[in-house]
Every structure is written in C-alpha cells, then in structure tokens.
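Hi everyone, thanks for making time this morning. I'd like to walk you through one structure, so please have a look at the screen while I talk.

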Amino acid sequence: MADEAQSRSIMVEGMLVQPAETIWRALTEPDLIARWFMPNSFAAEVGHKYVFRSAPIGDWDGVSGGEILDADPFWRLRYTWRGGSHELPGFGHYIDTVLTWTLSPLPNGTHVRLEHSGFTEDSAAVYAIMNSENGWSAVMNRLAKVVVELDEAD
C-alpha cells in the first residue's frame, strides 16, 4: 500500500437499530455482500484472499480483490482492496487501499463506521467518486437495507 503519510481516507458512519451480529452477517457472508456491494469470494478469515467482481471498464476486467487482515466477529473487519487499471483516468483506476469496518454496540442499536484508507494523488479520481453521495454513502444505504431485510426475516 502507498505511504500512509501521503494518503487520504474516506470515513462514513451511522447508526443502525439492529444488533452487531446481524450487521456482521451482512458484512461477511458472500451472498449478502453481493446484495449491497458486488459479487465476491469473501470469507472473514484472516489471510483469506478474496475477489470482488464488477462490470469491466476500459482495459480493466472488473476484477479486484485483496486479503483479510483482521476479522474480530461483531466488532472489526479489516481488509485490503486492490485492483483497477493504471490506464483509466477515473473510476476503475488502480487502487491499493484498506477498508476497516468497526461495529460498536449502543443501547438502541449499533454504530457502524467505515474507513477506506490509502488513496494517493494517483487515485484521487477514485477517492472523489467514493467520497461523493454516490460512493460509500450510497453503499452504506444499501448495506442498511440488507441489514433491515435480514432482521425482518429472523
């Protein structure tokens, strides 16, 4: 990953009324991740190498992935996310980043915090997109919808 001193991060957080166990399922089960993010080969096991699949853009085949760095159930999930094309100027440009999800129990639900770190000047266009209302904020809203559906199904 790029030099931490020269990187930027995106932070998105909010509160869900569901317990951390339900949110953890949505963050770690491949079929559920596909509902709010993209198809994947995810497993919340330290050292597991996963793949995310999105639509191809330009010379990038849409495949990205990384490795699980930390998976402390119902509390913290941290993984690298790498992929894209060095040739694409905007979304789809290569990134080498880390995502950290933190769940904190509250008396009336769970505080959910996402930090997506490691954006460099080279990946500034991807940072701008992911930091917009159509980026992680929209993804977090889709995650919340899946969590509500899970809770209603239980």
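Let me start with a puzzle: over the ring of which residue does the charged end of Arg-8 sit? Have a look around before I tell you. It is Tyr-127, and the charged end of Arg-8 is 4.6 Å from the centre of that ring. Please keep in mind that this is a predicted model, and that what I quote today is computed from it.

Let's stay with Tyr-127 for a moment. Tyr-127 is buried, at a relative accessible area of 14%. Tyr-127 also belongs to an aromatic pair, and there are 15 such pairs in the structure. Its partner is Phe-119: the two ring centres are 5.5 Å apart and the planes stand at 70 degrees, so this is an edge-to-face pair. Phe-119 is buried too, with a relative accessibility of 0%. So Tyr-127 has the charged end of Arg-8 over its ring and forms an edge-to-face pair with Phe-119.

While we are on aromatics, there is a cluster to find on your screens. One aromatic cluster is made up of Trp-36, Phe-37, Phe-42, Tyr-50, Phe-52, Tyr-79, Trp-81, Trp-101 and Trp-136. Remember Phe-42, please; we will meet it again.

Now let me step back to the whole chain. How many helices and strands does the secondary structure come to? There are four helices and six strands, and along the sequence they run β-α-α-β-β-β-β-β-α-α. The radius of gyration is 15 Å, close to the 15 Å that the globule rule gives for 154 residues, so the chain is as compact as a globular protein of that length. Its C-alpha atoms fill a box of roughly 45 × 30 × 30 Å along the principal axes. Of the 154 residues, 45% count as buried. And if you take contacts between residues at least 6 apart in sequence, 54% of them join residues at least 24 apart.

Next, helix α1, which covers residues 20–28. Is this helix mostly covered or mostly open? Mostly covered: seven of its nine residues are buried. Those are Ala-20, Thr-22, Ile-23, Trp-24, Ala-26, Leu-27 and Thr-28.

Thr-28 deserves a closer look. Thr-28 is in α1 and counts as buried at 11% relative accessibility. A polar atom of the Thr-28 side chain lies 2.7 Å from the backbone oxygen of Trp-24. A general reminder helps here: an α-helix has 3.6 residues a turn, so residues three or four places apart point the same way. Beyond its neighbours within four places in sequence, Thr-28 is in contact with Ile-33, Phe-42, Ala-44 and Leu-77. There is Phe-42 again, from the aromatic cluster.

From the same stretch of chain comes a charged pair. Arg-25 forms a salt bridge with Glu-29, with the closest N and O atoms 2.9 Å apart. Arg-25 is partly exposed at 29%, and Glu-29 is partly exposed at 30%.

How many salt bridges does the structure hold? The count is six, and I'll pick out two others. One joins Arg-76 to Asp-70, with the closest N and O atoms 3.5 Å apart. Arg-76 has a relative accessible area of 25% and is partly exposed, as is Asp-70 at 23%. The other joins Arg-82 to Asp-96, where the closest N and O atoms are 2.9 Å apart. Arg-82 lies in strand β4 and Asp-96 in strand β5, so this pair ties together parts that are 14 residues apart in sequence. Arg-82 counts as partly exposed at 33%.

Strand β5, residues 95–106, also holds Thr-100. Thr-100 is buried, at 13%. Setting aside residues up to four places away in sequence, Thr-100 touches Arg-76, Leu-77, Arg-78, Arg-113, Leu-114 and Glu-115. You will recognise Leu-77, which is in contact with Thr-28 as well.

One last stop: Phe-74, in the loop between β3 and β4. Its phi is near 70 degrees, a positive value in a residue other than glycine. Phe-74 is partly exposed, at 37% relative accessibility.

That's my tour. Thanks for listening, and I'm happy to go back to any of these spots on the screen.

Terms used. Residues are numbered from 1 along each chain as its sequence is written. This is a predicted model: local features need pLDDT of at least 70, side-chain atom pairs count only at pLDDT 80 or more; totals for chains, interfaces and linings use all residues. Side-chain values use heavy atoms; hydrogens and water are left out. Buried means under 20% relative accessible area, exposed over 50%, partly exposed in between (1.4 Å probe, protein chains only). Helices (H or I, at least four residues) and strands (E, at least two) are DSSP runs, numbered from the N terminus. Rings of Phe, Tyr and Trp (its six-membered ring) pair if their centres lie within 6.5 Å; planes under 30 degrees apart count as stacked, over 60 as edge-to-face and the rest as tilted. A charge sits over a ring if NZ of Lys or CZ of Arg is within 6 Å of the ring centre and within 35 degrees of the ring normal. Contact means heavy atoms within 4.5 Å. A polar contact is a pair of N or O atoms within 3.5 Å; within protein, one must be able to donate a hydrogen and the other to accept it, and residues adjacent in sequence count only if both atoms are side-chain atoms. A salt bridge is a side-chain nitrogen of Lys or Arg within 4 Å of a carboxyl oxygen of Asp or Glu. The radius of gyration is taken over C-alpha atoms; the globule rule is 2.2 Å times the number of residues to the power 0.38.
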